[in-house]
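Dear colleague,

Please find below the structure I promised to pass on. I would be glad if you could look it over with the notes that come after.

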Amino acid sequence: MNVRLPDSLLKAQQAGIQFFTDDDYEWKLALNGPGKHIEEIAGGPVLIFANNGFGDHLFLKKGPDAEQFDEQVFEFLHEG
């Protein structure tokens, strides 16, 4: 992948973080790359970086700089 990742994601990766939680789920940090089904909904390039094992994903959208993903996290819930 020839894009720059946000610093927070790089630091988590370098620290060996594999799982993290929010109010609803435990997420697995897994840089899965683009997800065409999510890109169609989001209207542009995305980077899937976590999943919860139930078909839901966390992803980033490209920022104004086409070479870097923005820090804002979006959630894709497979059930809509």
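The notes below go through the nonpolar cores, the strands and the aromatic rings.

This is a predicted model, in which local features need pLDDT of at least 70 and side-chain atom pairs count only at pLDDT 80 or more, while totals for chains, interfaces and linings use all residues. Residues are numbered from 1 along each chain as its sequence is written, and side-chain values use heavy atoms, with hydrogens and water left out.

The largest nonpolar core (buried Ala, Val, Leu, Ile, Met, Phe, Trp, Tyr and Cys residues joined through side-chain atoms within 4.5 Å) has 11 residues, including Leu 5, Leu 9, Trp 27, Leu 47 and Phe 69. At least two of its residues come from each of helix H1 (7-14) and strands S2 (26-33), S3 (46-51) and S4 (57-62), where helices (H or I, at least four residues) and strands (E, at least two) are DSSP runs numbered from the N terminus. S3 supplies the largest share, three residues. Apart from this core lies another, of five residues, among them Ile 38, Val 46, Phe 59 and Phe 76. Leu 9, leaving aside its neighbours within four places in sequence, is in contact (heavy atoms within 4.5 Å) with Leu 29, Leu 31, Leu 47, Phe 49 and Leu 60.

As for burial (under 20% relative accessible area, with over 50% exposed and partly exposed in between, for a 1.4 Å probe and protein chains only), six of the six residues of S3 are buried. Strands pair if DSSP finds at least two bridges between them; S3 runs antiparallel to S2, with three bridges, and antiparallel to S4, with five bridges. Gly 33 stands opposite Ile 48 in S3, while Leu 47 has Leu 60 in S4 as its bridge partner. The hairpin of S3 and S4 has five residues between the strands, and Gly 53 in the turn has a positive phi of about 80 degrees.

There are two aromatic pairs, counted for rings of Phe, Tyr and Trp (its six-membered ring) with centres within 6.5 Å, where planes under 30 degrees apart are stacked, over 60 edge-to-face and the rest tilted. Tyr 25 and Trp 27 are edge-to-face, at 5.4 Å centre to centre and 75 degrees between the planes. The pair of Phe 59 and Phe 74 is stacked, because the centres are 5.6 Å apart and the planes at 25 degrees. Phe 59 is buried, at 6% relative accessible area, whereas Phe 74 is partly exposed, at 22%.

Best regards
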